[in-house]
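Please examine the sequence and the structure shown below. The report that follows describes selected features in running text.

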There are 2 protein chains.
Amino acid sequence: MTTFKAPLRDIDFVLNDVLDYQAHYKTIPCGEEATPDMVEAIISEAGKFAEEVLSPLNQVGDQQGCQWKDGEVTTPDGFKEAYQMWIEGGWQGLSHPAEYGGQGLPLSMGLIKSELVGTANWSWGMYPGLSLGAMNTLYVHGTEEQKQVYLSKLCEATWSGTMCLTEPHCGSDLGLMKTKAEPQQDGSYHITGTKIFISAGEHDMAENIVHIVLARTPGSPEGTKGISLFIVPKFLPNAEGGVGERNGVSCGSIEHKMGIHGNATCVMNFDNATGFMLGVENQGLEAMFTFMNTARVGTAIQGLAASELAYQNALPYAMERHSMRALSGKKNPEVAADAIIHHADVRRMLLTAKAFAEGGRLMIYDAAKYADRMMFAETEEERDEAENELGFLTPILKAFLTETGQESASLGMQVFGGHGYIAEHGMEQIYRDARISTMYEGTTGIQALDLIGRKVVLDGFKLYAAFSKKLYKFGFKTLFTGKQRGYGASIIGYTLCWNWKTVKMLARAARNRDAVGAASVDFLMYSGYLSMAYYMAMAAEAAHNKLNKGEGDTEFLKSKLETVEFYFKRLLPRAKAHAACMDSSTDSVMGMELGRFELR
Amino acid sequence: MTTFKAPLRDIDFVLNDVLDYQAHYKTIPCGEEATPDMVEAIISEAGKFAEEVLSPLNQVGDQQGCQWKDGEVTTPDGFKEAYQMWIEGGWQGLSHPAEYGGQGLPLSMGLIKSELVGTANWSWGMYPGLSLGAMNTLYVHGTEEQKQVYLSKLCEATWSGTMCLTEPHCGSDLGLMKTKAEPQQDGSYHITGTKIFISAGEHDMAENIVHIVLARTPGSPEGTKGISLFIVPKFLPNAEGGVGERNGVSCGSIEHKMGIHGNATCVMNFDNATGFMLGVENQGLEAMFTFMNTARVGTAIQGLAASELAYQNALPYAMERHSMRALSGKKNPEVAADAIIHHADVRRMLLTAKAFAEGGRLMIYDAAKYADRMMFAETEEERDEAENELGFLTPILKAFLTETGQESASLGMQVFGGHGYIAEHGMEQIYRDARISTMYEGTTGIQALDLIGRKVVLDGFKLYAAFSKKLYKFGFKTLFTGKQRGYGASIIGYTLCWNWKTVKMLARAARNRDAVGAASVDFLMYSGYLSMAYYMAMAAEAAHNKLNKGEGDTEFLKSKLETVEFYFKRLLPRAKAHAACMDSSTDSVMGMELGRFELR
């Protein structure tokens with residue numbers, strides 16, 4: 001069984017020493033609430049809740065899973081009780097306005113809370129996580145009445161929420177969607193259709209479930225421009241705002257899946273269910289995507305969570321398990337073999353997970369600052385700028401951190417050898433749970449196309465150029481500052497290569513547009529390794545500064561420097577392979593005629 | 001649910017066009033039996049058995065798993081019946097001598113049979129696979145009487161076998177083993193101890209189970225030099241050679257594990273069980289390792305199997321699932337979206353699995369030739385040479401092909417998007433089943449140390465130099481032959497880099513032996529990518545030759561050339577990253593003090 005300890009030391013370092021969150025919070029209105037004491041108190045309380053309440057339920061959730069019977073879903077033992085504590089703690093509305101019962105703190109605080117909750121128990125964390133998606137959509141697109149009725153209940157967490165997008169024949173390509181919305185005399189709609197893969201679609205933890213559903217009104221344009229958004233509650237609200245009549249939406253079945261067993265993945269049948277339009281007709285997809293970046297960063301957290309949890313649980317095993325002598329001589333002469341942490345390859349595996357966790361945390365927490373500014377900056381210009389910058393980073397974070405999270409989870413098992421394959425240790429659960437993260441909320445392939453297609457090419461290279469400039473600037477600055485010099489040179493070199501390969505790829509794409517698709521995932525992974533290098537070098541700089549001043553926890557700061565060094569020497573060079581693959585001919589991927597694939 | 005089609009076209013191409021197995025079989029005595037007709041008949045029959053009998057049981061095996069009750073293990077529905085057909089088909093003794101009831105065919109035929117069986121249903125295939133390990137050990141180290149009693153029953157498959165090595169506190173480091181063997185008056189031994197992770201340790205498919213057990217006699221030297229080998233049957237043979245009295249060995253429990261649910265992974269308790277010494281006292285470990293290379297190549301097959309099965313099952317989905325338009329323009333204008341195989345990144349994923357499957361098959365089938373020669377070559381010198389060459393390739397095959405097999409399995413799921421995570425499609429089962437392959441039979445880390453420590457350094461670079469020479473020779477020959485020119489240049493370049501990085505690494509190791517461990521897995525993976533390139537280029541040469549002569553299936557040969565091109569352009573470049581990591585300072589891995597790892 002896995003255990004979890006909130007990485008408070010690292011979170012504090014990232015927030016205060018690297019990213020200067022205190023200065024950041026002074027630039028946004030709701031940042032006033034987020035005083036250093038408040039931030040510390042919330043993180044430490046959320047950490048305690050994650051460690052003491054959620055972590056012990058992680059294996060139970062996996063082993064019992066959710067049970068479906070006659071349309072009702074029973075969650076694993078303890079999930080309901082934990083959710084009750086969540087309601088009582090007032091956690092759900094942390095980053096939502098006080099007028100709807102929230103605490104009015106910055107969005108970034110919510111993301112940090114999600115990390116702690118999700119690392120301890122991803123399956124459980126998805127219930128409040130999906131509610132958050134519904135809350136955000138309602139907050140921006142709902143009428144005042146809709147907000148009073150639904151958002152306030154969601155903020156309390158007595159009601160939970162979902163996002164109903166996918167249908168059996170369409171996931172990534174929502175333009176193919178078929179669910180229908182027939183307008184009624186009273187201004188409501190009758191929703192009919194089937195949605196699949198609806199996380200938290202049905203469960204026994206909340207009084208009511210508010211589905212945010214994509215559907216088509218009669219005569220709406222084909223494709224993505226004819227989709228509207230609807231609120232479809234499981235129980236219609238009564239006159240007092242409480243739970244009223246049962247609506248025509250039901251859970252047809254739940255999926256049997258590889259992992260995240262504690263979360264119900266539902267087939268939802270809408271049969272003339274009463275729905276209320278949310279936002280403007282035919283602009284539903286756009287509205288749904290308002291918080292797409294935030295949701296995707298939320299999924300990137302699953303990658304960070306997998307790296308952190310795999311590291312935390314592989315480490316004690318590597319310390320305690322003895323096998324063979326270290327190559328450089330006996331380390332535990334009192335016993336017949338050395339602890340396996342003395343073997344270099346075991347260290348390589350541990351440090352890989354450690355570096356991906358710490359690098360991922362840096363990337364996500366910096367993105368969270370953009371998310372705050374996107375919501376709360378003073379001027380529209382600043383808000384747009386922040387949204388764009390977040391938009392550029394999002395596909396990188398989502399795809400790169402979930403891919404590396406899966407690698408960490410795999411290495412965590414590998415440290416255990418054959419024991420990693422056995423259920424009781426929990427390592428294989430981390431691996432199974434993490435595996436969905438590169439597939440839902442847009443696959444790695446979709447993220448890669450979003451990055452290169454929309455965020456680089458369609459944007460006219462503005463964001464790409466700005467990010468490159470930031471890297472060069474940091475690289476050159478660092479090139480002249482003592483111990484970080486090498487990192488500066490690396491960042492400059494890898495950025496030059498990034499730029500040059502991008503130009504070459506786009507030159508190929510001028511002749512054959514498939515050149516973009518063929519290179520896209522390699523381009524994304526290169527971008528990921530390079531961005532993480534930038535953040536890691538910033539962390540090293542911050543650690544050096546503190547060490548020079550004689551401040552902070554010396555041992556922790558040294559471990560940080562060593563982790564960054566490992567990253568630059570043993571992980572960043574992988575970008576070279578992605579560069580080489582990205583550079584190869586499009587024909588090497590697209591040349592084969594269809595009929596030849598099946599010749600075995 | 002997955003389906004399986006025996007890749008007969010590719011097997012035929014590898015055997016006859018690339019590796020010239022007909023010439024090979026003329027050089028070994030038992031090769032006479034392996035006429036082209038015989039080989040074809042056996043492969044086609046084994047393929048049919050795998051497709052029709054074993055493949056349909058693959059998902060059943062996963063979902064039902066094995067059930068333990070009071071020491072008895074029940075295998076999933078249909079496993080027993082399939083095993084009965086296996087007995088009737090005389091498959092078990094395919095490569096064992098006729099005097100013990102076998103068919104006397106070369107060892108290589110057995111490995112090809114294992115590929116077909118294992119791709120269709122790895123869990124089921126492990127039962128006869130473990131028997132094979134016991135059979136091989138008995139064949140080389142058993143007395144004539146032991147062979148008559150046990151080997152003949154194992155060849156029939158009416159009895160099955162296991163290999164009992166691991167104990168709770170030791171897996172890789174068998175020197176720490178504790179199981180005891182007390183000599184008795186009648187020359188037998190009483191075996192007492194606990195063995196874990198015993199695949200096929202208990203089940204309901206055979207009349208008797210013959211355990212080959214490592215244990216220590218009283219007063220034996222400590223460590224690996226004090227281990228002896230024992231035959232411990234579940235039922236002692238009676239005077240007629242049939243099943244007699246129950247022996248003191250029992251299955252205490254079975255493991256709950258991530259995958260291969262259809263195979264029972266047993267805790268075996270030996271409680272004064274009667275055992276018979278096999279081979280020479282205190283030379284048990286050596287004896288057990290006689291067939292270590294063959295067993296490890298057998299596990300490498302699991303990697304090939306995962307790549308093949310993932311490819312075969314992802315392909316039809318990619319052909320049938322429609323989502324979004326291809327970047328280069330509509331491909332299926334009659335419907336609203338194109339089949340996803342038209343998206344370059346989906347092709348990249350499919351071709352990765354295809355290339356790893358086909359490259360893996362080439363590598364394993366070539367290794368199988370060495371295995372044949374190791375057993376059957378005329379002179380001891382030739383046999384030793386073959387054993388050494390096989391020994392050099394084994395860790396590369398075992399680790400590289402299982403690592404790449406896991407990648408293929410993961411990409412196979414990824415092609416399905418969210419649907420890949422759902423049990424019914426079977427893609428997630430491939431992934432879970434494959435995950436054990438880098439951990440058992442020596443982890444990737446152990447293989448890497450075996451390669452660089454024993455097969456390169458301790459061998460005095462002889463095998464390494466010979467393999468390098470083979471690569472250069474092929475590279476230079478190919479450098480002047482038309483279309484293969486580029487591949488020749490690549491192989492020369494990558495071999496030069498391999499040699500240079502090896503020298504540098506060993507120079508570092510002269511100062512700090514941990515340099516070897518820190519670089520070992522990168523060294524192994526580089527060696528894997530390079531070896532596969534060599535075999536792939538050979539395949540391209542063979543395909544070109546046939547096309548030039550107007551022979552063979554043109555479309556198949558073209559698909560082969562395209563797959564090789566993909567490999568050189570999109571997979572081989574990854575070796576560059578391994579080279580760069582391998583070249584980094586040892587301190588980047590070993591520098592962190594122990595206490596700093598846990599500072600979160």
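Helices (H or I, at least four residues) and strands (E, at least two) are DSSP runs, numbered from the N terminus, and the expected span of a helix is 1.5 Å times one less than its number of residues. This is a predicted model, in which local features need pLDDT of at least 70, side-chain atom pairs count only at pLDDT 80 or more, and totals for chains, interfaces and linings use all residues. Residues are numbered from 1 along each chain as its sequence is written, chains are lettered from A and ligands numbered from 1 in the order in which they are written, and side-chain values use heavy atoms, without hydrogens and water.

Helix α3 of chain B, residues 36–54, contains 19 residues. From first to last C-alpha it reaches 26 Å, close to the expected 27 Å. Among its buried residues (under 20% relative accessible area, 1.4 Å probe, protein chains only) are B:V39, B:I42, B:I43 and B:A46. The cover over the buried residues of α3(B) includes α1 (8–18) and α7 (122–141) of chain B, through contact (heavy atoms within 4.5 Å).

Strand β6 of chain B, residues 208–215, has eight of its eight residues buried. In a regular strand the side chains alternate between the two faces of the sheet. In β6(B), B:V210 and B:I212 are buried on one side, and B:I209 and B:V213 on the other.

Two strands pair if DSSP finds at least two bridges between them. The table lists the pairings of β6(B).

| Partner strand | Sense and bridges | Residue pair |
|---|---|---|
| β3(B), residues 159–164 | parallel, six bridges | B:T162 and B:H211 |
| β7(B), residues 228–233 | antiparallel, six bridges | B:V213 and B:F230 |

Key: Buried means under 20% relative accessible area, exposed over 50%, partly exposed in between (1.4 Å probe, protein chains only).
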